[in-house]
Amino acid sequence: MNDFGRGQLLLSTLLSPLAMADWLLDVSFELSSCCKSKQTVNTSLSLLPGEETVFFNGLSQSQHHLCREVVGSAQLLDVSPDEVKMAFQIQERLDDGGWRTILAKTLSTGLNMPIRFESEDSELGERVKLQVEVMTA
């Protein structure tokens with residue numbers, strides 16, 4: 001293939017509907033702890049491929065009733081006509097300023113196809129429920 005053909009291929013790839021689409025993420029997130037504290041977030045937000053987007057920033061209570069900052073983020077990793085791949089991370093800020101990862105998961109689904117993930121840590125008494133759906137705007 002000559003340089004002109006490669007340039008046309010690159011341009012057509014960049015101008016494809018998938019590359020130019022605005023991506024919307026619907027998130028339903030729930031974090032429950034052993035001391036009966038429960039946080040729920042239902043939100044919709046825009047995603048840019050490769051850019052981390054915070055979908056939750058709040059406080060949680062530990063078993064000792066200490067409030068700690070909890071941050072949830074999502075990143076759109078890859079989009080094809082058949083599959084959308086996203087990375088999710090939920091972290092809690094510790095008393096010493098460090099971070100503890102509650103959840104780090106990569107999920108794959110199709111466009112307009114909700115996917116659900118649940119995780120439970122019986123030792124810490126935490127349960128995470130995450131349901132997400134990616135749509136084009």
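Which residues have the most contacts inside the largest nonpolar core? In this predicted model, they are Leu25, Phe29, Phe55, Phe88 and Leu130, and the legends below begin with the chain as a whole before turning to that core and to other close-up views.

**View 1. The protein chain combines 2 helices with 8 strands.** Read from the N terminus on, its elements follow the order α-α-β-β-β-β-β-β-β-β. The protein chain has 137 residues, of which 35% count as buried, and it exposes about 8,300 Å², with carbon and sulfur atoms supplying 50% of that area. Among the contacts in the protein chain with a separation of 6 or more, 41% are accounted for by residues 24 or more positions apart.

**View 2. The largest nonpolar core brings together 26 residues.** Two or more residues of this core come from each of β1 (23–32), β2 (38–47), β3 (52–61), β4 (67–79), β5 (84–93), β6 (99–109) and β8 (126–136). The element that gives the most is β1, with 5 residues. In soluble globular proteins, nonpolar side chains tend to be buried together.

**View 3. Phenylalanine 29 is one of the residues with the most contacts inside the largest nonpolar core.** When its neighbours within four places in sequence are left aside, phenylalanine 29 is in contact with Gln39, Thr40 and Val41, with Phe55 and Phe56, with Ile90, and with Val128, Lys129 and Leu130. Two of these partners, Phe55 and Leu130, are likewise listed among the residues with the most contacts inside the core.

**View 4. Four strands form an open sheet in the order β2-β1-β8-β7, with antiparallel pairing.** At the edges stand β2 and β7 (115–121), each of which has a single partner strand, so one side of each is left without a neighbour in the sheet. From one strand to the next, the twist averages 15°.

**View 5. The antiparallel strands β7 and β8 are joined by 7 bridges.** Within this close-up, arginine 116 stands opposite glutamine 131, a residue of β8. Strands of a sheet pair through backbone hydrogen bonds, either parallel or antiparallel.

**View 6. Threonine 53 lies in strand β3.** Is this residue buried or exposed? Threonine 53 counts as buried because its relative accessibility is 16%, and the cut-off for buried is under 20%. Apart from its neighbours within four places in sequence, threonine 53 is in contact with Leu45, Ser46 and Leu47, and also with Gly72, Ser73 and Ala74.

Technical notes: Residues are numbered from 1 along each chain as its sequence is written. This is a predicted model: local features need pLDDT of at least 70, side-chain atom pairs count only at pLDDT 80 or more; totals for chains, interfaces and linings use all residues. Side-chain values use heavy atoms; hydrogens and water are left out. A nonpolar core is a set of buried Ala, Val, Leu, Ile, Met, Phe, Trp, Tyr and Cys residues joined through side-chain atoms within 4.5 Å. Buried means under 20% relative accessible area, exposed over 50%, partly exposed in between (1.4 Å probe, protein chains only). Contact means heavy atoms within 4.5 Å. Two strands pair if DSSP finds at least two bridges between them. Axes are lines fitted to C-alpha atoms, for helices over the stretch in contact, and angles run from 0 to 180 degrees between N-to-C directions. Accessible areas come from the Shrake-Rupley method with a 1.4 Å probe; for residues, only the protein chains shown count as cover.
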